[in-house]
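Subject: A structure for you to explore

Hi there,

Here is the structure I promised to pass on to you. Have a look around it first, and then read on for what turned up.

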Amino acid sequence: MKVTGLFLEVLGGETKNPPPIWMMRQAGRYLPEYRATRAEAGSFLDLCATPRLAAEVTLQPIRRFDFDAAIIFSDILVVVMALGHGVRFDEGPKLEPLTTADTLDSNPQNWTKAFAPVYEALGLVRGNLEPSKALLGFAGAPWTLATYLAGGGNDEQKNAKLWAYRDPQGFGRLIDLLSACVATHLTGQIKAGADAVQIFDSWAAGLPPDLFERWVVQPTADVVRRVREAIPSARIIGFPRGASQSGLEHYAQATGVNAISLDGSVSLDWAAGKLETVLQGNLDPLALVAGGEALRRGVAGILQATRTVPFIFNLGHGILPPTPIEHVHELVKLVRAAA
Ligand code: CP3
């Protein structure tokens with residue numbers, strides 16, 4: 001099936017008004033139909049591992065809001081599980097803190113076996129998605145996955161940073177293994193039907209420039225290079241959440257991604273002038289919870305700043321569970337009214 005449409009045209013470098021729209025975490029707890037399917041699955045991890053149900057929740061936000069892209073329902077931590085490290089979800093991810101890469105499984109055949117349900121779900125979604133809608137795969141970036149592994153699932157980078165400072169060689173082995181596994185998974189997702197993939201570096205904030213270069217930019221460039229070795233035309237979006245302006249400029253030049261997703265702290269006027277790449281973002285998820293004037297003002301500012309550049313409308317981070325569904329309908333209406 002030949003997939004075209006607004007999302008892929010913009011990701012390929014075209015400027016469109018109105019822009020395409022999708023939302024990070026668009027399948028999730030703010031939707032009653034998601035909560036029902038999750039209850040049927042039993043748990044979040046069972047939902048991820050059951051292709052029929054994962055495909056169903058992937059399609060739910062497309063049916064309801066007619067977004068321009070679907071993102072496969074899974075989690076960034078499937079890579080950690082494929083490496084043989086246990087993950088539990090109990091109000092957020094819980095992991096046994098890792099101190100050496102030596103205990104991880106480095107056999108790519110085992111990785112691919114672990115990823116099989118994701119690939120099956122992608123095939124099911126593609127068969128039920130109009131050709132004008134793009135299907136996205138994704139993975140966590142090596143640095144962000146390392147922060148979960150080193151920190152036991154805490155939402156902070158302290159343990160990963162300490163490991164990187166004290167034992168750069170050992171930490172480098174972990175990052176290399178993660179890069180190989182992430183690249184394998186992104187390649188597998190594209191082969192299974194994803195039209196593009198996004199790399200989530202959710203914990204890229206606050207790194208000194210030399211650490212940002214060594215543990216965010218270089219591993220991401222390595223992942224991009226490996227994926228394009230297998231699939232030269234692979235389309236890749238990077239999301240270095242919380243990176244500084246100088247960090248973003250460097251990331252845009254050095255990683256080889258086709259587009260950068262920006263968090264809500266970044267000025268799109270600045271980004272449209274400085275970053276020579278396709279942009280995605282960056283409405284504050286709380287402005288969507290608030291609705292009303294905050295939502296209208298936020299959307300208008302974003303659309304105004306990005307009129308003359310290739311741009312994909314998204315949030316600055318994942319949609320929050322208390323988001324009213326009516327506000328999402330209004331967001332789509334506001335964006336589609338742009339001319
Ligand atoms: O975007 C989508 O709709 C696709 C699915 C998706 C999920 N997680 C589903 C999910 C995607 C793309 C992710 C990525 C992800 N997972 C990231 C990167 C994006 C980001 O938010 O920075 C991260 C850091 C994770 C790790 C993770 N998974 C955390 C921290 C949590 C708990 C936080 C929370 O929201 O409860 C999860 C669980 C998770 N992943 C849920 C969903 C829908 C909630 C599970 C549930 O209780 O149903």
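Let's begin with the ligand, keeping in mind that this is a predicted model. The ligand has 22 residues around it, and the closest of them are Arg25, Arg29, Tyr34, Arg38 and Ser202. What kinds of residues make up this shell? It divides into 13 nonpolar residues, five polar ones and four charged ones.

Now zoom in on some polar contacts. At Ser202, a polar side-chain atom is 2.5 Å from an oxygen atom of the ligand. Arg25 takes part through its backbone: a polar atom there lies 2.6 Å from a ligand oxygen. Gln26 also uses a polar backbone atom, which is 3.1 Å from an oxygen atom of the ligand. As for how much of the ligand is covered, on its own it has 870 Å² of accessible area, and the protein covers 89% of that. If you are looking at pockets, the space that the ligand takes up is the largest pocket.

Next, the cysteines. How many disulfides are there? The count comes to zero. Why does Cys48 not form one? A disulfide needs two cysteine sulfur atoms within 2.5 Å, but the closest cysteine sulfur to that of Cys48 belongs to Cys181 and is 16 Å away, which is too far for a bond. Looking from the other side, Cys181 has its closest cysteine sulfur in Cys48, again at 16 Å and too far for a bond.

Are these two residues buried or exposed? Cys48 is buried, because its relative accessible area is 9%, under the 20% cut-off. Cys181 is buried too, with a relative accessible area of 0%.

A good way to start is to find Ser202 and the ligand oxygen 2.5 Å from its side chain. Enjoy exploring!

Best wishes

Key
Residues are numbered from 1 along each chain as its sequence is written. This is a predicted model: local features need pLDDT of at least 70, side-chain atom pairs count only at pLDDT 80 or more; totals for chains, interfaces and linings use all residues. Side-chain values use heavy atoms; hydrogens and water are left out. Buried means under 20% relative accessible area, exposed over 50%, partly exposed in between (1.4 Å probe, protein chains only). A residue is near a molecule or strand if one of its heavy atoms lies within 4 Å of it. A polar contact is a pair of N or O atoms within 3.5 Å; within protein, one must be able to donate a hydrogen and the other to accept it, and residues adjacent in sequence count only if both atoms are side-chain atoms. Accessible areas come from the Shrake-Rupley method with a 1.4 Å probe; for residues, only the protein chains shown count as cover. On a 1 Å grid over the protein atoms alone, a cavity is a set of points where a 1.4 Å probe fits but cannot get out, and a pocket is an open set with protein on both sides within 12 Å along at least five of seven lines; lining residues have an atom within 4 Å of a point. A molecule sits in a cavity or pocket if more than half of its atoms lie within 2 Å of its grid points. Ala, Val, Leu, Ile, Met, Phe, Trp, Tyr, Cys and Pro count as nonpolar, Asp, Glu, Lys and Arg as charged, and the others, Gly among them, as polar.
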